[in-house]
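Reader: Could you take a close look with me at one part of this model? I would like to know which way it faces and what it packs against, with enough of the surroundings to place it.

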Amino acid sequence: MIAEPRPAFLSRAAARRAQAVQLRTSGASYAEIAEAMGCSTGTVGRLLHDARRYGEMPEPGADEGQPEEQAAS
């Protein structure tokens with residue numbers, strides 16, 4: 001058995017994270033994402049965690065508590 005080349009693995013992993021992020025930002029639950037992607041909810045959690053870690057998705061609640069910019073008068 002020959003291992004998958006690293007660049008191919010990284011590309012495939014990035015595509016899976018992007019799909020999970022797209023579904024989550026469109027409002028899908030972990031269970032809905034898992035069903036759409038054919039994986040477990042634990043895998044969805046890992047994909048979204050990694051996406052946040054790599055800066056591909058904002059941290060949960062990152063916008064909360066931040067004052068909105070006010071237009072200069």
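Author: Happily! Let us begin with two terms: residues are in contact when they have heavy atoms within 4.5 Å of each other, and a residue is buried when its relative accessible area is under 20%. Please keep in mind that this is a predicted model.

The part I have picked is helix α2, residues 30-37. For its setting, the protein has 3 helices and 0 strands, and from the N terminus on its elements run α-α-α. Of the 73 residues, 25% count as buried. Among contacts with a separation of 6 or more, 36% join residues that are 24 or more positions apart.

Which residues of α2 are buried? They are I33, A34 and M37. Around the helix axis these residues cover an arc of only 100 degrees, so they lie on the same side of α2. The spacing has a simple background: an α-helix has 3.6 residues a turn, so residues three or four places apart point the same way. On the face turned away from the buried side, α2 carries the exposed residues E35 and A36. Just after the helix comes G38, with a positive phi of about 70 degrees.

What does the buried side meet? The buried residues of α2 pack against both α1 and α3, and we can take these two partners in turn. A word on how to read the numbers: two packed helices are described by the angle between their axes and the distance between the axes.

With α1, the axis of α2 comes within 10 Å, and the two cross at roughly 135 degrees. At that angle α1 and α2 are oblique to each other, because an angle of 65 to 115 degrees would be needed for roughly perpendicular and one over 145 for roughly antiparallel. The crossing of α1 past α2 is right-handed. From α2, the contact draws on Y30, I33, A36 and M37, while α1 supplies R16, Q19, A20, L23 and R24. Sorted by class, this contact has 6 nonpolar residues, 1 polar and 2 charged. Notice A36 here: it is exposed on the outward face, and yet it is listed in the contact with α1.

With α3, the axes come within 8 Å and cross at roughly 100 degrees. That makes α2 roughly perpendicular to α3. On the α2 side the residues are Y30, A31, I33, A34 and M37, and they meet T41, V44, G45, L47, L48 and R52 of α3. The contact divides into 8 nonpolar residues, 2 polar and 1 charged. Put the two lists side by side and you will find Y30, I33 and M37 in both. The buried A34 is named in the contact with α3.

To finish the surroundings, it helps to see how the two partners of α2 meet each other. Helix α1 (residues 6-25) and helix α3 (residues 41-53) pack at an angle of about 95 degrees, with their axes 9 Å apart. This makes α1 roughly perpendicular to α3. Here R16, R17, A20, V21 and R24 of α1 meet T43, L47, L48, D50 and A51 of α3. The classes are 5 nonpolar, 1 polar and 4 charged. Some of these residues also turn up in the contacts of α2: R16, A20 and R24 are on the list for α1 with α2, and L47 and L48 are on the list for α2 with α3.

One residue at this α1 and α3 contact is worth a pause. R17, in helix α1, is buried, with a relative accessible area of 11%. Leaving out residues up to four places away in sequence, R17 touches L47, D50, A51, Y54 and E56. The last of these, E56, is found in the segment after α3 and is partly exposed at 37% relative accessible area. Beyond its sequence neighbours within four places, E56 is in contact with R17, V21 and A51.

So, back to your helix: I33, A34 and M37 share one side of α2, that buried set packs against α1 and α3, and E35 and A36 are exposed on the face turned away.

Note on methods. Residues numbered from 1 in each chain as written. Predicted model: local features only at pLDDT ≥ 70, side-chain atom pairs only at ≥ 80, totals over all residues. Heavy atoms only, no water. Axes fitted to C-alpha atoms, helices over the stretch in contact; angles between N-to-C directions. Helix = DSSP H or I, 4+ residues; strand = E, 2+ residues; numbered from the N terminus. Parallel < 35°, antiparallel > 145°, perpendicular 65-115°, else oblique. Nonpolar A, V, L, I, M, F, W, Y, C, P; charged D, E, K, R; others polar. Left-handed = near helix turned anticlockwise from the far one by under 90°. Buried < 20%, exposed > 50% of the residue type's maximum accessible area, 1.4 Å probe, protein only. Arc of directions from axis to C-beta.
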